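Student: I would like to take a close look at a single part of this protein. Please explain the terms as you go, since they are new to me.

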Amino acid sequence: FAHVQGEDMCGEPANEEVFTAYLHKAVLKINVDQSNWWYQIQGSNRVFKFKSPPKTASDSGFSFIAFGDMGQADDEHNYPGAGETVNAIAQEMRHRPVDLLIHAGDLSYASGSHHGWNHFMDSIEPFASQVPYMVSIGNYDYGYEGDGLRDPSGAGVSWFPDENDSGGECGVMSAARFSMPGARKGDKPPFWYSYNYGNVHFTVISSEHDCAPGSEQYRWLERDLSSVDRCKTPWLALVLHRPMYVVYPHEENRQIGEELRAMLEPLLLHHRVDLTIAGHVHTYFRTCAVASGECREEGITHFIAGTGGHELTSMKKGLTDSWAVEGCNDFGFLRFDVSWDSLQAQFIRTVDGRAVDEVTLRTKKGICNEWA
């Protein structure tokens with residue numbers, strides 16, 4: 001086991017709390033492809049079940065759910081949609097198989113409270129105990145002011161130094177509670193890392209760290225994208241917290257998105273990334289396949305779903321940008337059903353379980369031949 005204490009944090013108020021959290025971890029080495037496994041925590045009479053992931057890409061495909069910005073399900077005042085999201089995802093998993101969950105940043109909103117983290121972990125247990133719960137880092141998980149000597153990413157300073165959204169946590173609690181994959185040189189999970197699941201390569205980056213050309217993270221991203229075998233994983237998805245395309249009236253987020261786009265979009269287009277998944281903006285919208293602000297066949301489709309539970313923000317009536325093709329201001333989550341040559345995405349509203357947006361993407365033409 002590992003333990004985390006208040007004094008391990010980077011700033012106030014997190015480092016003022018007196019606590020010790022003991023976190024137990026187990027590593028299972030499983031060589032059987034897509035088999036069912038049961039496990040039990042010592043001292044408990046509860047039995048949990050999960051299915052081991054496919055070791056190689058398969059024509060049979062798989063399904064995953066994605067969302068961002070949830071918070072604690074038992075705090076309806078601050079996170080009015082979190083309880084609905086938890087219940088809706090649990091219901092979705094009972095009716096249709098789901099193999100993977102992606103939380104695109106702003107996880108617990110604990111803001112330095114270890115009790116808040118305990119409440120959040122209780123919230124996600126019904127599904128995180130069954131399928132991989134993969135995370136990216138958001139501003140409320142990492143943004144801090146003050147001493148960065150304890151910053152687990154090694155950056156030593158937040159890219160947005162005036163934002164103390166994490167309450168001084170600086171990613172310590174996120175990194176301690178979520179063991180993301182990272183065996184290759186340069187990986188810094190949960191800040192930036194990548195993994196294959198079935199026929200998709202997922203690349204996860206931190207929009208809270210420097211990602212400008214020449215930065216440590218950018219150099220890592222170049223290496224990761226260059227290493228993807230598109231004959232084995234024809235789909236390439238990027239997961240980050242802050243979106244590169246933002247609808248009105250979110251002026252500040254839109255400006256940051258444009259800066260991210262200037263830094264990252266040329267590289268992503270060069271490697272023919274298919275889609276991005278982001279949160280941060282507390283509404284749902286989807287772009288066309290877009291490049292340089294224009295709908296193009298070779299572009300990237302961006303899904304923004306910061307609709308996991310935090311109070312929703314406004315969306316200008318009518319999508320005025322040509323690249324913004326669909327949106328709604330409801331709590332909900334994305335469901336993706338992936339096959340070898342198609343990916344169906346649905347935005348499912350939590351209040352009634354209805355899919356209010358749906359699109360099918362196709363693999364980019366000749367992608368395997370280009371890679372080979």
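Student: What percentage of the contacts in the protein with a separation of 6 or more is between residues 24 or more positions apart? After that, please show me strand S17 and its surroundings.

Tutor: Let's start with your number. Residues 24 or more positions apart account for 68% of the contacts in the protein with a separation of 6 or more, where a contact means heavy atoms within 4.5 Å. Before we zoom in, note that this is a predicted model: local features need pLDDT of at least 70, side-chain atom pairs count only at pLDDT 80 or more, and totals for chains, interfaces and linings use all residues. Residues are numbered from 1 along each chain as its sequence is written, and side-chain values use heavy atoms, leaving out hydrogens and water.

Now for the setting. The protein contains seven helices and 18 strands; these are DSSP runs numbered from the N terminus, with at least four residues (H or I) for a helix and at least two (E) for a strand. Of its 372 residues, 55% are buried. Here buried means under 20% relative accessible area, exposed means over 50%, and partly exposed lies in between, using a 1.4 Å probe and protein chains only.

Your strand, S17, covers residues 342-349. Seven of its eight residues are buried, so the rest of the structure largely encloses S17. You can find a partner for S17 both before and after it in the sequence. Strand S16 (residues 332-338) pairs with S17 in the antiparallel sense over seven bridges; two strands pair if DSSP finds at least two bridges between them. A hairpin of three residues links S16 to S17, and Val-338 stands opposite Leu-343 in S17.

On the other side of the story is strand S18 (residues 355-362), which also pairs with S17 in the antiparallel sense, over seven bridges. To see this pairing, look for Gln-344, which stands opposite Thr-360 in S18. S17 and S18 form a hairpin with five residues between them, and in its turn Gly-353 has a positive phi of about 70°. While you look along these strands, keep a general point in mind: in a regular strand the side chains alternate between the two faces of the sheet.

The surroundings also include a contact with a loop. Pro-97 touches Arg-335 and Ser-63, leaving aside residues up to four places away in sequence. Pro-97 belongs to the loop between helix H1 (82-95) and strand S6 (100-104). Because its relative accessibility is 63%, Pro-97 counts as exposed. The C-alpha atoms of Pro-97 and Phe-64 are separated by 8.8 Å, although these positions lie 33 residues apart in the chain numbering.

For comparison, try another hairpin. Strand S8 (residues 193-197) has four of its five residues buried. Five bridges join S8 to strand S9 (residues 200-204), and the two run antiparallel. Tyr-197 has Val-200 in S9 as its bridge partner. Two residues separate the strands in this hairpin, where Gly-198 takes a positive phi near 60°.
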